[in-house]
Each structure stands twice: as C-alpha cells, then as structure tokens.
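Trainee: I am new to this structure. Please take one part and go through it closely, then place that part in the whole.

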Amino acid sequence: MKQYRERVPPLDGADVVLVGLFSANEKQYEVRLDALAALVEAGGGRVVGRYVQRRGASDRWKERPGGAARMSQPFSRRTLLTHGKVREIAEACQKAEIDAVVFVNTLTDLQRSVLADVLGCLVLSGEDLGCLVSSGDDLGCGGSG
C-alpha cells in the first residue's frame, strides 16, 4: 500500500501496543521491545501494552515439532502471528481504543492490510518509525530521521 511507504506521521498522543514474533532461541527479545518502545515514545506515542508470540517455545510437546528450520518463519503469511494471538490483540485493542499497533518484525503490504482490518487501527513496524530493530546487539537506531 502506498500510504505506508511515505513518512509516518508522529504518534502524538496515540495509545500504542507493541507486538513481536520471536524465535524461542532468542533470549533477548525484551531488549528489542524496549528499543521499539523508546522509538514510539520519542515519536509522541504512549505504549500501553506488549504482546509476544514465541515460535518453537512449545514444539517439544507435539508429535511433529517442526525443528529449528521453522523457528524463524511466521505462523501465518497473512498475519505473521497465530489466529488466536491476533484475536487476543484485536480484542484488547478494541476494549482499550488503541490508536496504533507497532510490530518489531518487518511486515509485508498484505500483512499490514490484513492486520489493520482485523485490529481496527493503524499498523506499523519499527522500520516505519525510522529504525530497524535487529536481533543483534546493534539496535540499528543510529541518527535522527
């Protein structure tokens, strides 16, 4: 969608929920969420909630655990997350009248569109806020933009 390729307006006064899909192998996922929260707050938004989906965290209990090769892949190509997690976030957004949801993960145009329809609010990623919140020690938030 063209609207997401343009500069994102400030989040002045917006109530924002942070969301991230992380591999069970990633132990420092909170650091990435904290970096994203700092970006949101710098843009004038107020972080009112965080949701985390872990990939591979409970696979050991299944008959076919899927292995390490799938741990970094999305649960759904349309929403990135599982249906249940998306529903949980959508209900919370509706009850709290959330203005925007910001994902740590990179989103495709299709994912943005589907998630915006389901969640009922603006959907962004860390990249949209001017920073790629990477999984390494370097958070990629250099400079002002």
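Mentor: We will look at helix α1 and its partners, and then at the rest of the protein.

This is a predicted model, where local features need pLDDT of at least 70 and side-chain atom pairs count only at pLDDT 80 or more, while totals for chains, interfaces and linings use all residues. Residues are numbered from 1 along each chain as its sequence is written, and side-chain values use heavy atoms, with hydrogens and water left out.

Begin with the layout. The protein has three helices and four strands. Helices (H or I, at least four residues) and strands (E, at least two) are DSSP runs, numbered from the N terminus. Along the sequence they follow the pattern β-α-β-α-β-α-β.

Now the helix. α1 covers residues 29-42, which is 14 residues. From first C-alpha to last, α1 reaches 20 Å, close to the 20 Å expected at 1.5 Å a residue. That expected span is 1.5 Å times one less than the number of residues. Just after α1, Gly44 takes a positive phi of about 95 degrees.

Next, the buried side. Buried means under 20% relative accessible area, exposed over 50%, and partly exposed in between (1.4 Å probe, protein chains only). In α1 the buried residues are Tyr29, Arg32, Leu33, Ala35, Leu36, Ala37 and Val40. Their cover includes β1, β2 (46-55) and β3.

Then the charged links. A salt bridge is a side-chain nitrogen of Lys or Arg within 4 Å of a carboxyl oxygen of Asp or Glu. The count by this rule is six. Arg50 forms one with Glu30, the closest N and O atoms being 3.2 Å apart. Arg50 lies in strand β2 and Glu30 in helix α1, so this pair ties together parts 20 residues apart in sequence. Arg50 also bridges to Asp34, with the closest N and O atoms 2.9 Å apart. Asp34 is in α1 too, so the second pair ties together parts 16 residues apart in sequence. Shared partners join Glu30, Asp34 and Arg50 into one network. Each of the three is partly exposed: Arg50 at 35%, Glu30 at 37% and Asp34 at 41% relative accessibility.

Elsewhere, Asp128 forms a salt bridge with Arg112, the closest N and O atoms being 2.6 Å apart. Here Asp128 and Arg112 are both buried.

Now the packing. A nonpolar core is a set of buried Ala, Val, Leu, Ile, Met, Phe, Trp, Tyr and Cys residues joined through side-chain atoms within 4.5 Å. The largest such core has 19 residues, and those with the most contacts inside it are Val19, Leu81, Val101, Phe103 and Leu119. Two or more residues come from each of β1 (15-23), α2 (83-96), β3 (100-103) and α3 (109-119). α2 gives the most, with four. Apart from this core lies another, of 15 residues, among them Leu18, Tyr29, Val40 and Val102. Tyr29 and Val40 are among the buried residues of α1.

Last, confidence. pLDDT is the predictor's confidence in each residue, from 0 to 100. Its mean over the protein is 79, and 70% of the residues reach 70 or more. Over residues 1-6 the pLDDT is below 50. Over residues 132-145 the pLDDT is below 50 as well.

Terms used: Contact means heavy atoms within 4.5 Å.
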